[in-house]
Amino acid sequence: MQTKIDTLAAICKLAIAFCNTDGEGSDSETNILYDFLSGFEEVTPEIADQVIQMAFEMEAREAFIRTLCLAEEDKERVSNFFADIICDDGQLTPEEEEYYHRVCATCGLPDILEERIIRDESPEAAPAEVEDTEIYPSFVVIDFRGNATYRWVEQEDWDTLRGEMCTWIQANQIEVVRYTKPLNALSKKLELVGKHLVFLTSRNGFTVTVGDNMTATLLYDGGYELFGNIIIALETDDGYEIEGFKMQSHLDKAFFAVDEAVGGLLSLK
């Protein structure tokens, strides 16, 4: 697992929710949390404290999406970590069990919880999972400084969309970049069906002064720098029609997957 601080903070955000499912977290559960962090070679006690602080400050939606974006080989480790926390007190309430199953389903984690302890039938309220929302077709605009914003449209017809996109990135004309090795890997990671991830950039220059865009350079993977601002979008496999993301979770997941792919260069505004 990559020891990226914000990824570890996302996992700890959900772990803290598990600690609080049956009331206040215990010292023993806190020890499990720190033991988990200490299993990463680069995580010193000082960094572990920083991760926990970031976890408390992180929005729940970001924690769910970053955990969802974990590599498959890392998800079993995280699932076992969550199970260790809720089973630590020797009593598994129905609410704890239900919340564990829901987190696994939401984040794509293997559901490995077995009846390791005696169940406690006392009712306790479990934290609510993040809710998904249907949205207008939306895109991620990334400027050359790494600042990212979400933009949405009411109409996806290309004549209208092309003009709006030119305005977003301050370009005269735009072109689509598709099927690069990094983009193909992201399309696979996002489990897109009938679509693939693309980015759009200027075809013949920008209307403002721009700098090199490291995100675009890394996603293009062409061995040279790309300049200016870009738009992350979807494109259909048949017909090559540009589309936006229509569910909030899909938009968030795409943003965090791109951010992970380019080494955390992005900042969502």
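**Notebook: a look through a predicted model**

**Confidence first.** I started with how far the predictor trusts its own work, as this is a predicted model. The protein chain has an average pLDDT of 87, and 91% of the residues score at least 70. Then I went through the elements: strand E7 (residues 230–236) has the highest mean pLDDT, 98, while strand E2 (residues 118–119) has the lowest, 43. I also looked up residues 115–128, where the pLDDT is below 50. In the model this stretch still has 35 contacts beyond near neighbours in sequence.

**The cores.** Next I asked myself which residues have the most contacts inside the largest nonpolar core. They turned out to be Phe18, Leu33, Leu37, Phe81, Phe82, Tyr100 and Val103, in a core of 40 residues. I then checked where the core residues come from. Six helices each supply at least two of them: H1 (5–20), H2 (27–38), H3 (45–57), H4 (60–68), H5 (72–86) and H6 (94–107). H1 gives the largest share, with eleven residues. There is also a second core, separate from that one, with 27 residues; Ile65, Cys69, Leu190 and Ala254 are among them. I jotted down a general point here: in soluble globular proteins, nonpolar side chains tend to be buried together.

**Phe82 up close.** I picked phenylalanine 82 and listed what it touches, skipping neighbours within four places in sequence. The contacts are Ile11, Leu14, Ala15, Phe18, Tyr100, Val103 and Leu109.

**Thr67.** Is threonine 67 buried or exposed? I found threonine 67 in helix H4. Its relative accessibility is 1%, and buried means under 20%, so threonine 67 counts as buried. Leaving out residues up to four places away in sequence, threonine 67 touches Ala10, Ile11, Leu14, Lys75, Cys107 and Leu109.

**Ile242.** I moved on to isoleucine 242, which sits in strand E8 (residues 242–243). This one is buried too, because its relative accessibility is 9% and the limit for buried is under 20%. Its contact list, again without neighbours within four places in sequence, reads Phe139, Glu156, Trp158, Leu161, Met165, Val176, Val198, Leu200, Ala233, Leu234 and Glu235. I checked valine 198 from that list. Isoleucine 242 and valine 198 are 44 residues apart along the chain, yet 8.7 Å separates their C-alpha atoms.

**The largest pocket.** What volume does the largest pocket have? I noted about 300 Å³. The lining has 14 residues, and Leu190, Glu191, Leu192, Phe245 and His250 are the closest to the centre of the pocket. Strand E9 (245–247) and helix H10 (248–261) are the elements that give two or more residues to the lining. Sorted by class, the lining has seven nonpolar, three polar and four charged residues. Leu190 had already come up in my notes, as part of the second core.

**Two backbone oddities.** Last, I looked at two residues with a positive phi that are not glycines. Aspartate 221 has a phi of about 60°, and tyrosine 240 has one of about 50°. Where do they sit? Aspartate 221 is in the loop between helix H9 (214–220) and E7, and tyrosine 240 is in the loop between E7 and E8. Aspartate 221 has a relative accessibility of 48%, so I put it down as partly exposed. Tyrosine 240 is partly exposed as well, with a relative accessible area of 44%.

Key. Residues are numbered from 1 along each chain as its sequence is written. This is a predicted model: local features need pLDDT of at least 70, side-chain atom pairs count only at pLDDT 80 or more; totals for chains, interfaces and linings use all residues. Side-chain values use heavy atoms; hydrogens and water are left out. A nonpolar core is a set of buried Ala, Val, Leu, Ile, Met, Phe, Trp, Tyr and Cys residues joined through side-chain atoms within 4.5 Å. Buried means under 20% relative accessible area, exposed over 50%, partly exposed in between (1.4 Å probe, protein chains only). Helices (H or I, at least four residues) and strands (E, at least two) are DSSP runs, numbered from the N terminus. Contact means heavy atoms within 4.5 Å. On a 1 Å grid over the protein atoms alone, a cavity is a set of points where a 1.4 Å probe fits but cannot get out, and a pocket is an open set with protein on both sides within 12 Å along at least five of seven lines; lining residues have an atom within 4 Å of a point. Grid points are joined across faces, edges and corners, and a volume is the space filled by probe spheres set on the points. Ala, Val, Leu, Ile, Met, Phe, Trp, Tyr, Cys and Pro count as nonpolar, Asp, Glu, Lys and Arg as charged, and the others, Gly among them, as polar. pLDDT is the predictor's confidence in each residue, from 0 to 100.
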